[in-house]
Amino acid sequence: MSKEKKITICENHNKCEVPLISTFAFNGAESWCPFCGGTSGMFGGKTVESTPELEQRLIKYKEESKEFLGA
């Protein structure tokens, strides 16, 4: 039995899948979209099958927003 890896993306974008960054900064804003700045709760966003491209984007977005999210 193979387990497919899942990733959560922002629901605000129709043409581009933007992985959400888990922040757990505030109640109701546990995830943050680095593209539009939208936030969602723990069960927000859209869960899709992970791809290498989405995984790489998530790593890139986390690195680029590290200073901002660490404030």
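The exercises below, with worked solutions, concern a predicted model.

**Exercise 1.** Determine how many disulfides the structure holds, and explain the result for Cys-33.

*Solution.*
1. A disulfide requires two cysteine sulfur atoms within 2.5 Å.
2. For Cys-33, the closest cysteine sulfur belongs to Cys-36 and lies 3.7 Å away, which is too far for a bond.
3. Cys-36 is likewise in no disulfide.
4. The count is therefore zero disulfides.
5. As for exposure, Cys-33 is buried at 0% relative accessibility, whereas Cys-36 is partly exposed at 40%.

**Exercise 2.** Locate the salt bridge of Glu-55 and state which parts of the chain the pair links.

*Solution.*
1. The partner of Glu-55 is Lys-5, with 3.7 Å between the closest N and O atoms.
2. This value meets the cut-off, because a salt bridge needs the nitrogen within 4 Å of the carboxyl oxygen.
3. Glu-55 belongs to helix α1 (residues 52–69) and Lys-5 to the segment before β1 (6–9), so the pair, 50 residues apart, links distant parts of the chain.
4. Glu-55 is partly exposed at 22% relative accessible area, and Lys-5 is exposed at 55%.

**Exercise 3.** Describe the salt bridge between Arg-57 and Glu-53 by distance, position and exposure.

*Solution.*
1. The closest N and O atoms are 2.8 Å apart.
2. Both residues sit in helix α1, four residues apart, about one turn of the helix.
3. Arg-57 is buried at 17% relative accessible area, while Glu-53 is exposed at 51%.

**Exercise 4.** Identify the residues that form a nonpolar surface patch with Phe-43.

*Solution.*
1. Phe-43 lies in the loop between β4 (39–40) and β5 (46–49).
2. Phe-43 is exposed, at 80% relative accessibility.
3. Its patch partners are Phe-24 and Met-42, and the three together have about 440 Å² of accessible area.

Technical notes. Residues are numbered from 1 along each chain as its sequence is written. This is a predicted model: local features need pLDDT of at least 70, side-chain atom pairs count only at pLDDT 80 or more; totals for chains, interfaces and linings use all residues. Side-chain values use heavy atoms; hydrogens and water are left out. Buried means under 20% relative accessible area, exposed over 50%, partly exposed in between (1.4 Å probe, protein chains only). Patches are made of residues with over 30% relative accessible area and no salt bridge: like charges are joined within 9 Å, nonpolar side chains (Val, Leu, Ile, Met, Phe, Trp, Tyr) within 5 Å. Accessible areas come from the Shrake-Rupley method with a 1.4 Å probe; for residues, only the protein chains shown count as cover. A salt bridge is a side-chain nitrogen of Lys or Arg within 4 Å of a carboxyl oxygen of Asp or Glu. Helices (H or I, at least four residues) and strands (E, at least two) are DSSP runs, numbered from the N terminus.
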